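Subject: Handing over a structure

Dear colleague,

I am passing this structure on to you, and my notes on what was found in it follow below. Please look through the sequence and the 3D view before you read them.

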Amino acid sequence: MAVITGQEKLDLREPKGWRRTKNRTATVLMITAFVLALVPLVFVLITTIAKGISIISWSFLTQPIPPQVAPADQGGIGPAVLGTIEITAVATAIAVPLGILGAIYLNEYGGKGVLARLIGFFSDVMTGVPSIVMGLFLFSIWVVYFGFSGFAGALALAALMLPIVIRSTDEMLKLVPNPLREGSYALGATKARVTLTVVLPAAIGGIVSGALLAVARAAGETAPLLFTILTVMTANPNVFSGPNTAIPAQIFSNATSPYVGAQDRAWGAALTLIVIAFVLMIVARMVTARFTRFSR
Amino acid sequence: MSTVTRQAGPTVPAGPARPLSERRPLGDRTFQIVALVAGLLVLVILVLIAVSTTQQASLWFRTEGWGIFGTNWNPAANQFGALAFIYGTAITAAIAIILAVPVSVGIALLLTEVVPYRWARPIVYVIDLLAVVPSVVWGLWGILVFAPWIEGIYKSIGSGVEGIPVLGNLFGPPVSGASFFTAGIILAFMITPIVTSLSREVIATVPTIDKEGAYALGATRLEMITGAVWPHSKGGIVGSVLLGLGRAMGETIAAALVIGSSATITSHLFAPGDSMPAVIANQFGEASGVFRSALIGLGVLLFAFTVIINVVARAIVGGAQEQGSA
């Protein structure tokens, strides 16, 4: 303990006057910023829950879509629920394996090479490509030749998910410690074997959670579907052929409807969509918490 | 076997781990090729987007020439000048950025410099929830709840500033609930999470020693932020703002529902307008021929704008992060 004698005691308290005022104002402004972001979130959630909860029921989720003039208690969004499940499942089956493989190339093979850096950079750029452009892309390259189908919508969603999966998987693979790889190589394993049986299992928690977040994002997307599935009102169990429908597309067409019944069904569908997204997010967090072995 | 001794020798520079054997079975090489193809898919898709959409849009480019940047959009008369939509995209994205950036940077600073770690995580979760709400739900809420409510506010502001130069031109009548400004506000809500999380990553790279140095000199927290955090992270924050701008420009469904769908170029921010993604989403259904080609052409322009913005922004953010980790 240095004892200061004969000197003025060092004052370490917050400075007084104008400097303190400015500092406190800045802190208050930062808290205000958070509150400002919170307000719209709370309002959207409360409105959607309040208006949607009275609509949602098992029959709402399974009944056929009625004409827009029908009152709120008639029909439901059954075909849209079916379409969303079909389309999102196919998109996930395409984008997740490809995204994981792409990330394996970036992290395990490409290293710091020019090609790997280029692919990594453009994956980031691709996450910024608007979702509507993905819809127009699939319209131009697929729908023009093969017609509208759930599969075209799934391809558009897959194109949207691919860079997200690559980026989240890449982050997770980076966290796997190198001694794990070195140990396996020392036992004589090939690179493919090390990657598939040691590196991937070590990172699986983060990879699954990243994939789930990509699915949550894709399930709520409307714009890529507008030009690929045509948004009909009848159920189409065949995802590979014929026009289809999906929950977000139904909300979009009902949102501008003058009929109260159609608007109410839109709120019910919106609540369904939010619940799906939240469940996926919570499962992702649980997977992260349960299976994460290496983190930053 | 000579390979093994060379690799194990102490003179070998440290590098990434590699298998001991240089003999590689067929399966191993196949796997590498499959992974490479999956990685290359990103580049292939980006090129295919540019080529296929441009091809579909070529009819519009050929018919209109430089007229694509004209002010007349009248599908009934086969006039497809897109300037009103480019203007609307720029205006709504600018409003979104002006509203979202101070809030986002404020939250990022709150998270990194003010609250303790155990509070930071729940705050991050809450902000991320903004991004979980789908675009179409923002749009539904925007058109049925938010726009009717804010129209009253627009009306009182509008009648207050009517006739005053500049202010009257920006905020005066005509006013409508579905307008440039409403779209800008909704877009601001939607881009806040991304700008916040990117700014936070950038601010987190500020060396602790710089911050402690500022505090040791007796700086208040604000003085530390302006003196140590800001000089180090301003480049990266500019990058994250650009990424938010790219998002705001391309955001479709919410804008399509609340912007008012009117192809007009006006300084009146409370008046209905239209933007590139919104007009594509709203009019594609009934379009064919040159009309459809023009809408896809708007998509091409949108793709070009957002790719350029993203390339610049990623270069800035990447550079800032490397500088931070070095």
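Which pattern does chain B follow when it is read along the sequence? Chain B follows α-α-β-β-α-α-α-α-α-α-α-α-α-α, which amounts to 12 helices and two strands. Please keep in mind throughout that this is a predicted model, and that the values below are computed from it.

**The two chains**

Chain A has 11 helices and zero strands, and from the N terminus on its elements run α-α-α-α-α-α-α-α-α-α-α. The radius of gyration of chain A is 26 Å, well over the 19 Å that the globule rule gives for 296 residues, so chain A is more spread out than a compact globule. Taken along the principal axes, the box filled by the C-alpha atoms of chain A comes to roughly 90 × 65 × 35 Å.

For chain B the radius of gyration is 25 Å, whereas a compact globule of 326 residues would have a value near 20 Å. The C-alpha trace of chain B spans about 80 × 60 × 30 Å along its principal axes.

As for burial, 51% of the 296 residues of chain A count as buried, and in chain B buried residues make up 50% of the 326. If one takes the contacts in chain A between residues at least 6 apart in sequence, 76% of them join residues at least 24 apart; in chain B, residues 24 or more positions apart account for 75% of the contacts with a separation of 6 or more.

**Where the chains meet**

How many residues of chain B are in contact with chain A? There are 79 of them, and they are in contact with 80 residues of chain A. Helix H2 of chain B, which covers residues 26-64, gives the most to the side of chain B that touches chain A, with 21 residues. Sorted by class, that side of chain B has 54 nonpolar, 19 polar and six charged residues.

H2(B) itself deserves a second look. At 1.5 Å a residue its 39 residues should span 57 Å, and its end C-alpha atoms are 55 Å apart, which agrees. H2(B) nevertheless bends by about 45° at B:Ala57, and the helix is followed by B:Gly65, whose phi is positive, near 60°.

**The core and helix H3 of chain B**

The largest nonpolar core has 201 residues, and among these A:Met161 and B:Leu187 touch the most other members. H3(B) gives the most to this core, with 17 residues.

Helix H3 of chain B, residues 83-114, has 32 residues and reaches 45 Å from its first C-alpha to its last, close to the 46 Å expected at 1.5 Å a residue. There is a kink of about 30° at B:Ala100 in H3(B), shortly before the proline B:Pro102. The helix is mostly covered, with 23 of its 32 residues buried.

Returning to B:Leu187, and leaving aside its neighbours within four places in sequence, one finds this residue in contact with B:Thr92, B:Ala93, B:Ala96, B:Ala248, B:Glu251, B:Ala254 and B:Ala255.

**Two residues to look at**

Is B:Ile97 buried or exposed? B:Ile97, which has its place in helix H3 of chain B, has 23 other C-beta atoms within 10 Å, and since 20 or more are needed for the term, this residue counts as buried. Not counting residues up to four places away in sequence, B:Ile97 touches B:Val241, B:Gly244, B:Leu245 and B:Ala248. By contrast with those contacts, B:Ala50 is 47 residues from B:Ile97 in sequence and 27 Å from it in space, C-alpha to C-alpha.

B:Asn282 is found in helix H11 of chain B, residues 276-283, and with 20 other C-beta atoms within 10 Å this residue is buried as well. B:Asn282 touches B:Ala256 and B:Ser261, again not counting residues up to four places away in sequence. B:Asn282 and B:Ile253 are 29 residues apart in sequence and 9.0 Å apart in space, C-alpha to C-alpha.

With best wishes

Key. Residues are numbered from 1 along each chain as its sequence is written. Chains are lettered from A and ligands numbered from 1 in the order in which they are written. This is a predicted model: local features need pLDDT of at least 70, side-chain atom pairs count only at pLDDT 80 or more; totals for chains, interfaces and linings use all residues. Helices (H or I, at least four residues) and strands (E, at least two) are DSSP runs, numbered from the N terminus. The expected span of a helix is 1.5 Å times one less than its number of residues. The bend at a residue is the angle between axes fitted to the seven residues ending there and the seven starting there. A residue is buried if 20 or more other C-beta atoms lie within 10 Å of its own, exposed if 12 or fewer, and partly exposed in between; C-beta atoms are placed from the backbone. The radius of gyration is taken over C-alpha atoms; the globule rule is 2.2 Å times the number of residues to the power 0.38. Two residues are in contact if their C-beta atoms, placed from the backbone, lie within 7 Å. A nonpolar core is a set of buried Ala, Val, Leu, Ile, Met, Phe, Trp, Tyr and Cys residues joined through C-beta atoms within 7 Å. Ala, Val, Leu, Ile, Met, Phe, Trp, Tyr, Cys and Pro count as nonpolar, Asp, Glu, Lys and Arg as charged, and the others, Gly among them, as polar.
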